[in-house]
Amino acid sequence: MTAPDTAQSMPALTVACPACGSPPGSLCTSHGGTRLRRSDVHQARTKAFKAQQPTATA
Ligand SMILES: [Zn+2]
């Protein structure tokens, strides 16, 4: 499986981010929402995504 190394390809985007409050499908933001995190997402978001995946392995 090949995917571009960008945040938009991250499965964690399907959940809301508990760190910055970005809704599902939106990129994480930094600096109070003024900057998009295009290359990654908050660790808390990845964690939240994994937490809702019953079959996911940490
Ligand atoms: Zn975030």
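## Reading burial and contacts, starting from Leu27

Modeller: Let's start with Leu27, which is buried because 20 other C-beta atoms lie within 10 Å. This is a predicted model, where local features need pLDDT of at least 70, side-chain atom pairs count only at pLDDT 80 or more, and totals for chains, interfaces and linings use all residues. Residues are numbered from 1 along each chain as its sequence is written.

Colleague: What makes a residue buried, exposed or partly exposed?

Modeller: Buried takes 20 or more other C-beta atoms within 10 Å of the residue's own, exposed takes 12 or fewer, and partly exposed is in between, with C-beta atoms placed from the backbone. Here, buried residues are 17% of the chain's 58 residues. Asp40 is partly exposed, since 15 other C-beta atoms are within 10 Å.

Colleague: Which helices and strands does the chain have, and in what pattern?

Modeller: Both are DSSP runs numbered from the N terminus: helices are H or I with at least four residues, strands are E with at least two. This chain has one helix and two strands, in the order β-β-α. Leu27 sits in the segment before β1 (29-30), while Asp40 is in the loop between β2 (35-36) and α1 (43-51).

Colleague: And which residues does Leu27 touch, leaving out those up to four places away in sequence?

Modeller: Two residues are in contact if their C-beta atoms, placed from the backbone, lie within 7 Å. For Leu27, the partners are Ala7, Gln8, Ser22, Leu36, Arg37 and Arg38. Across the chain, 47% of contacts with a separation of 6 or more join residues 24 or more positions apart.
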